[in-house]
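Hi,

Here is the structure I promised to pass on. Have a look at it first, and then read my notes below.

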Amino acid sequence: IEIKRERDDLQEELFRVSKQAERFEKELIQEKRLRAETATQAETFRMQLRAMEDQLESATKQAAVGAEHYKEKAKLQAEVVAAQRRIKEIEIEKIDLDTTVEELAL
């Protein structure tokens, strides 16, 4: 009877440990699934981050080109204004020279 009771106790313990092992296996499977999902999400986030970095780099390059164009435009505008000023000076000099020539002719 004692041996039978010990055997029954051991069988109960074995059954309990088996159930616990099954539960651990299920939890392990769930953990692996969650890790895989997390890894997939992390890769998606990495790809999105790379795309945003590429967009930022492109926008930065465009801004730099725009700034360079603005700088060049301002330089050219300054040159145009200087040339217009010089044209007016030459026109005034021409009028003065024409006046001098007329005075000398008289």
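Let me start with a question: with which residue does D8 form a salt bridge? The partner is R7, and the closest N and O atoms of the pair are 3.9 Å apart. By "salt bridge" I mean a side-chain nitrogen of Lys or Arg within 4 Å of a carboxyl oxygen of Asp or Glu. D8 is partly exposed, with a relative accessible area of 28%, and R7 is partly exposed too, at 47%. (Buried is under 20% relative accessible area, exposed is over 50%, and partly exposed is in between, using a 1.4 Å probe and protein chains only.)

Before you go further, a word on where this comes from. This is a predicted model, so local features need pLDDT of at least 70 and side-chain atom pairs count only at pLDDT 80 or more, while totals for chains, interfaces and linings use all residues. Residues are numbered from 1 along each chain as its sequence is written, and side-chain values use heavy atoms, with hydrogens and water left out.

Now the overall picture. The chain has 1 helix and 0 strands (these are DSSP runs numbered from the N terminus: H or I over at least four residues for a helix, E over at least two for a strand). The radius of gyration is 45 Å, well over the 13 Å that the globule rule gives for 106 residues, so the chain is more spread out than a compact globule. That radius is taken over C-alpha atoms, and the rule is 2.2 Å times the number of residues to the power 0.38. Along its principal axes, the C-alpha trace spans about 155 × 15 × 5 Å. Buried residues make up 0% of the 106 in the chain. The accessible surface comes to about 10300 Å², and carbon and sulfur atoms account for 60% of that (Shrake-Rupley method, 1.4 Å probe, with only the protein chains shown counting as cover for residues).

Next, the charges. There are 20 positive and 25 negative side chains, and the centres of the two sets lie 9 Å apart. Lys and Arg count as positive and Asp and Glu as negative, while His and the chain ends are not counted; each charge is placed at NZ of Lys, CZ of Arg, CG of Asp or CD of Glu.

On the surface, E2, E6, D9 and E12 gather in a patch of negative charge. (A patch takes residues with over 30% relative accessible area and no salt bridge; like charges are joined within 9 Å, and nonpolar side chains, meaning Val, Leu, Ile, Met, Phe, Trp and Tyr, within 5 Å.) E12 lies in helix α1, residues 2–105, and is exposed at 54%.

Back to salt bridges: the count comes to 11. Here are some of them:

- R16 and E13 meet at 2.4 Å, N to O. They are 3 residues apart in helix α1, about one helical turn. Both are partly exposed, R16 at 45% and E13 at 36%.
- E89 pairs with R86, the closest N and O atoms being 3.2 Å apart. These two are also 3 residues apart in helix α1, about one helical turn. E89 is partly exposed at 37%, as is R86 at 40%.
- E43, R46 and R50 are joined into one network by salt bridges that share partners.

Last one: how far apart in space are K94 and V81? They are 20 Å apart, C-alpha to C-alpha, with their positions 13 residues apart in sequence terms. K94 is found in helix α1 and counts as exposed at 52% relative accessibility.

Cheers
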